[in-house]
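Grab your viewer and work through the exercises below. Each one sets a task, then walks through a solution.

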Amino acid sequence: MHDNRRYLQPILQSDDFQLRLSELRDLRQLAQVIEDWQGKLPQLEQLIDERKQRRRSIVENYHSAQFDQQVEIAEQQYRELETSLARIERQRDALALMAARPGDSESGEMLSLLRRAENRYQMLNDLGRARASQRKTLQRARGLLLWQASEQYHDNLWQQRKQLRTLDEQLREATHQRRETDLVARRAPQLNQLRAKIAAASPQLAARHSAITRAGNLIEESIRRDVIAELARERNRIRQYVAHSQLAMARLQDAAMQNALAPGQKQAAGEGEGGADE
């Protein structure tokens, strides 16, 4: 069509021809869109499979016996710490608060040594073998620890409350994760439905692509047929023009030859007339 465009101007400018060209372009674009989607379907299936695997792992993790045990341990720690802090604040037991402070192993160890020493002293005292110096030493040691615990009381209490808040946040997060896991588990049918829709879309897209391809081929064939017919008509007109031109040229050449021969014929006719007179 490009090489013979000047011969196809009448058909190229017709509304019907332009409409068919537009329909052909639209069908080809639509076919390309379907081909792109056909290429994306395996990727979508893979993404859904990966998401189902992640969901399965999450559900198994948050519905396992280990997770339930961890939550139960955290709940028990929270209850014990809450009860202990309530008693400490009620009795203002600075020594117990010092022993419960996390990360302060030295103070806890000193308090543990003091209590063991006091228990041994009580046993010796019951046997009548305790000495007054031992009692004074224990009293001084307890007084020093009590003074130190009193100085650290508010800081230790803040640390324990902070630990209690941390446990509370962990329990809230565990509860939130469990709800989210239940929601993820309920979404399983949706993923299966989406997977089924994608599987069903593959033959549908293939059928539509085939239908579009057939329609495009029919339009393209009609365009090709009309172009070939138009070129054939133009070829016939050119052949007729060439034939007429050749005939005209032959006539011109014949006339020229006749004109060239005419003077000789006249001379021959004149000589014949003179001899007759003689």
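Before counting anything, a ground rule: helices (H or I, at least four residues) and strands (E, at least two) are DSSP runs, numbered from the N terminus. Keep in mind, too, that this is a predicted model.

**Exercise 1: The fold on paper**

Work out how many helices and strands the chain has, and write down their order.

*Solution.* Start with the count: there are eight helices and zero strands. Next, read along the sequence, which gives the pattern α-α-α-α-α-α-α-α. Then check how the chain contacts itself. Of the contacts with a separation of 6 or more, 82% join residues 24 or more positions apart.

**Exercise 2: How far to trust it**

Find the mean pLDDT of the chain, and say in which helix confidence is lowest and in which it is highest.

*Solution.* Take the chain as a whole: the mean pLDDT is 78, with 82% of the residues at 70 or more. Now go helix by helix. Confidence bottoms out in α4 (residues 94-100), where the mean is 70. It peaks in α2, at 84.

**Exercise 3: Inside and outside**

Locate the largest nonpolar core and say which helix gives it the largest share.

*Solution.* First, the background: in soluble globular proteins, nonpolar side chains tend to be buried together. In this chain of 278 residues, 22% are buried. The largest nonpolar core has 18 residues, and L8, F17, I223 and V227 have the most contacts inside it. Now trace where the members come from: α1 (9-12), α2 (15-62) and α8 (188-277) each put in at least two residues. The largest share is that of α2, with eight residues. Finally, look for another core lying apart from this one: it has 14 residues, including V71, A96, L167 and A174.

Turn to the outside. The chain exposes about 20500 Å², with carbon and sulfur atoms supplying 52% of that area. One nonpolar surface patch is made of L30, V33 and W37, which together have about 280 Å² of accessible area. V33 sits in helix α2. Its relative accessibility is 42%, so V33 counts as partly exposed.

**Exercise 4: Charge pairs**

Take three of the salt bridges, R20 with D16, R28 with E220 and D168 with R172, and work out where the partners sit in the chain and how exposed they are.

*Solution.* The structure holds six salt bridges; take these three in turn.

- **R20 and D16.** Their side chains meet at 3.2 Å, N to O. They are four residues apart in helix α2, which means about one helical turn separates them. R20 is buried because its relative accessible area is 13%, under the 20% cut-off. D16, at 47%, is partly exposed.
- **R28 and E220.** This pair also meets at 3.2 Å, N to O. Here the bridge links distant parts of the chain, with R28 in helix α2 and E220 in helix α8, 192 residues apart. R28 is partly exposed at 48% relative accessible area, and E220 is partly exposed at 25%. To finish, follow the bridges outward: R28, E220, E221 and R224 are linked in a network.
- **D168 and R172.** Their closest N and O atoms are 2.8 Å apart. The two lie four residues apart in helix α7 (residues 153-186), so about one helical turn lies between them. D168 is partly exposed at 23% relative accessibility, whereas R172 is exposed at 57%.

**Exercise 5: Far in sequence**

For Q9 with E230 and Y78 with R165, set the separation in sequence beside the C-alpha to C-alpha distance.

*Solution.* Begin with Q9, in helix α1. Q9 has a relative accessible area of 28%, so it is partly exposed. Along the sequence, Q9 and E230 are 221 residues apart; in space, their C-alpha atoms are 9.9 Å apart.

Move on to Y78, which lies in helix α3 (residues 65-91). Y78 is buried, with a relative accessible area of 19%. Y78 and R165 are 87 residues apart in sequence, with 9.0 Å between their C-alpha atoms. As a last step, list what Y78 touches, leaving out residues up to four places away in sequence: L164, L167, D168 and L171. Two of these names have come up already: L167 belongs to the 14-residue core, and D168 forms the salt bridge with R172.

Conventions
Residues numbered from 1 in each chain as written. Predicted model: local features only at pLDDT ≥ 70, side-chain atom pairs only at ≥ 80, totals over all residues. Heavy atoms only, no water. Core = buried A, V, L, I, M, F, W, Y, C linked by side-chain atoms within 4.5 Å. Buried < 20%, exposed > 50% of the residue type's maximum accessible area, 1.4 Å probe, protein only. Contact = heavy atoms within 4.5 Å. Areas by Shrake-Rupley, 256 points an atom, 1.4 Å probe, with all protein chains shown as cover. Patch = residues over 30% accessible without salt bridge, like charges linked within 9 Å, V, L, I, M, F, W, Y side chains within 5 Å. Salt bridge = Lys/Arg side-chain N within 4 Å of Asp/Glu carboxyl O. pLDDT = per-residue confidence, 0-100.
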